[in-house]
Amino acid sequence: MNVIPTAIEGVVIIEPRVFHDERGYFFESWSQRDFDAAVRPVRFVQDNESMSTRGVIRGLHFQRPPYAQSKLVGCVLGRVLDVAVDIRRGSPTYGRHVAVELSADTHRRLFIPRGFAHGFAVLSDTAVFVYKCDNYYHPEAEGGISIADASLGIDWRVDPAAAILSAKDTRHPSFAEFDSPFDYNTDLYQQ
């Protein structure tokens, strides 16, 4: 796999080696050994999958410590714009984001460490989104930030005013109103 750094340390794009022939393609979608060597050791414990239609934006979500999650995300059908926002107080990139298009065509994945809010916008008619998490889901630890917050400077490529959101996602606070439970100087990588 090829690991591509982004503008925020720790958030990386993973490009698999894809082998094409007359039958189609093959690639190794996950290798614990290769990921540990190329990115860092992470023990994923839960896989999730969602299907959404064009115009859906999901996010910006995170789980509060001690249930924080690192995620390895990808799109196996269609296209999405995936976004990770640094919410670690004291981080030199606090409040900044990385946006990466993920699609079934490129097979790219994005690794998002703990201490980031995450969301995605669906750019195709339908998208199937998959992600691995290094901690189990705990509903009482859910948190979020409004996708419509202009101060974050995110171009979702979908008009936030016309986006299809869950009722829960319409109630998240703005970044200015948000009190982050994450600290850049705390070791969030412990499992």
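## Nonpolar cores

A nonpolar core here is a set of buried Ala, Val, Leu, Ile, Met, Phe, Trp, Tyr and Cys residues joined through side-chain atoms within 4.5 Å. With that in hand, let's look inside this model, which is a predicted one.

The largest nonpolar core has 21 residues, and the ones touching the most other members are Leu60, Val85, Ile87, Ile145 and Trp156. Three elements each give two or more residues to this core: E6, strand E8 (79-86) and E12. Apart from that core sits another one, made of 18 residues, including Ile8, Ile13, Leu102 and Leu110. As a general backdrop, nonpolar side chains in soluble globular proteins tend to be buried together.

## The largest pocket

Now for the open space. The largest pocket comes out at a volume of about 510 Å³. Its lining takes in 27 residues, with His61, Lys71, Tyr131, Glu142 and Lys168 lying nearest the centre. Strands E5 (46-53), E6 (57-63), E12 (116-122), E13 (126-133) and E14 (142-144) are the elements that put two or more residues into this lining. E6 supplies the largest share, five residues.

As for chemistry, the lining of the largest pocket splits into twelve polar, nine nonpolar and six charged residues.

## The second largest pocket

Next in line is a pocket with a volume of about 270 Å³. This second largest pocket is lined by 16 residues, and Met1, Pro16, Arg17, Glu28 and Ser29 are the ones nearest its centre. Sorted by class, its lining holds nine nonpolar, four charged and three polar residues.

Terms used: Residues are numbered from 1 along each chain as its sequence is written. This is a predicted model: local features need pLDDT of at least 70, side-chain atom pairs count only at pLDDT 80 or more; totals for chains, interfaces and linings use all residues. Side-chain values use heavy atoms; hydrogens and water are left out. On a 1 Å grid over the protein atoms alone, a cavity is a set of points where a 1.4 Å probe fits but cannot get out, and a pocket is an open set with protein on both sides within 12 Å along at least five of seven lines; lining residues have an atom within 4 Å of a point. Grid points are joined across faces, edges and corners, and a volume is the space filled by probe spheres set on the points. Helices (H or I, at least four residues) and strands (E, at least two) are DSSP runs, numbered from the N terminus. Ala, Val, Leu, Ile, Met, Phe, Trp, Tyr, Cys and Pro count as nonpolar, Asp, Glu, Lys and Arg as charged, and the others, Gly among them, as polar. Buried means under 20% relative accessible area, exposed over 50%, partly exposed in between (1.4 Å probe, protein chains only).
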